Amino acid sequence: MPQPITSIHGIGPATAEGFARAGITSAEQLREIGAEAAYEDWIAAGNPPHFIGYYALHMALQGRPWNDCRGAEKAAFRVKFDALKARIDAGIPEMDKGRARLDAALDEIGLIRRD
């Protein structure tokens, strides 16, 4: 029987819901896919991209606490995160500046208020 994604230390219910929207529903599936591909699926599913969530996922899959990421390792993750976002933003027209697909669609038809 597959283990829930929340069995991975550092992944809570809200993150599990986001991964479920991306079609990733078990700890085994997440480990098999890996952090990079899983986070790409996370964003493509309309979940908001966030740098801390990105590197926290990498840390969780390594069995490390999120705040263990520092210095050069964190800087390297930042470069990879920015490249991932750029790749996704270029390839998925439904995404607009990292916002959820619904927000992008509402903006496109003029329903997002601009202050």
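**Helix contacts, ring pairs and salt bridges**

E40 is partly exposed, with a relative accessible area of 30%; here buried means under 20% relative accessible area, exposed means over 50%, and partly exposed is in between, using a 1.4 Å probe and protein chains only. This is a predicted model, in which local features need pLDDT of at least 70 and side-chain atom pairs count only at pLDDT 80 or more, while totals for chains, interfaces and linings use all residues. Residues are numbered from 1 along each chain as its sequence is written, and side-chain values use heavy atoms, leaving out hydrogens and water.

As for the overall layout, the chain has 6 helices and 0 strands, so-called DSSP runs numbered from the N terminus (H or I over at least four residues for a helix, E over at least two for a strand). Read from the N terminus on, the elements go α-α-α-α-α-α. Of the 115 residues in the chain, 31% are buried. Contacts (heavy atoms within 4.5 Å) reach along the sequence too: among those between residues at least 6 apart, 41% join residues at least 24 apart.

Back to E40, whose side chain meets that of R87 in a salt bridge at 3.5 Å, N to O. E40 sits in helix α3 (residues 35-44) and R87 in helix α5 (residues 71-91), so this pair ties together parts that are 47 residues apart in sequence. R87 also counts as partly exposed, at 45% relative accessibility. A salt bridge here is a side-chain nitrogen of Lys or Arg within 4 Å of a carboxyl oxygen of Asp or Glu, and a search of the whole structure turns up 4 of them.

R64 has two partners among these bridges. With D68, the closest N and O atoms are 2.7 Å apart; with E73, the side chains meet at 2.9 Å, N to O. Salt bridges that share partners thus join R64, D68 and E73 into one network. The three residues are partly exposed, with relative accessibility of 22% for R64, 30% for D68 and 28% for E73.

W66 turns up in the loop between α4 and α5. At a relative accessible area of 48%, W66 is partly exposed. Leaving aside residues up to four places away in sequence, W66 touches I52, Y55, A56 and M59. W66 and G53 are 13 residues apart in sequence, and their C-alpha atoms are 8.7 Å apart in space.

Next come the aromatic rings. The whole structure holds 8 aromatic pairs. One of them is F51 with Y55: the ring centres are 5.0 Å apart and the planes are at 65°, so the pair is edge-to-face. For such pairs, rings of Phe, Tyr and Trp (its six-membered ring) need centres within 6.5 Å, and planes under 30 degrees apart count as stacked, over 60 as edge-to-face and the rest as tilted. F51 and Y55 both belong to helix α4 (residues 51-61), where they are 4 residues apart, about one turn of the helix. Both F51 and Y55 are buried. Ring pairs also link F19, Y39, W42, F51, Y54, Y55, F77 and F81 into a cluster. On top of that, R78 lies over the face of F51, 4.6 Å from the ring centre; a charge sits over a ring if NZ of Lys or CZ of Arg is within 6 Å of the ring centre and within 35 degrees of the ring normal.

Then there is the largest nonpolar core, meaning a set of buried Ala, Val, Leu, Ile, Met, Phe, Trp, Tyr and Cys residues joined through side-chain atoms within 4.5 Å. Among its 24 residues, F19, L30, Y39 and L57 touch the most other members. Helices α1 (13-21), α2 (27-33), α3, α4 and α5 each supply at least two residues of this core, and the largest share, 6 residues, comes from α4. Not counting residues up to four places away in sequence, L57 touches I11, F19, L30, A35, A38 and Y39.

Lastly, N47 is found in the loop between α3 and α4 and counts as buried, at 2% relative accessibility. A polar atom of the N47 side chain lies 2.9 Å from the backbone oxygen of G18. The side chains of N47 and R21 are joined by a polar contact of 2.7 Å; such a contact is a pair of N or O atoms within 3.5 Å, where, within protein, one must be able to donate a hydrogen and the other to accept it, and residues adjacent in sequence count only if both atoms are side-chain atoms. With residues up to four places away in sequence left out, N47 touches G18, R21 and W42.
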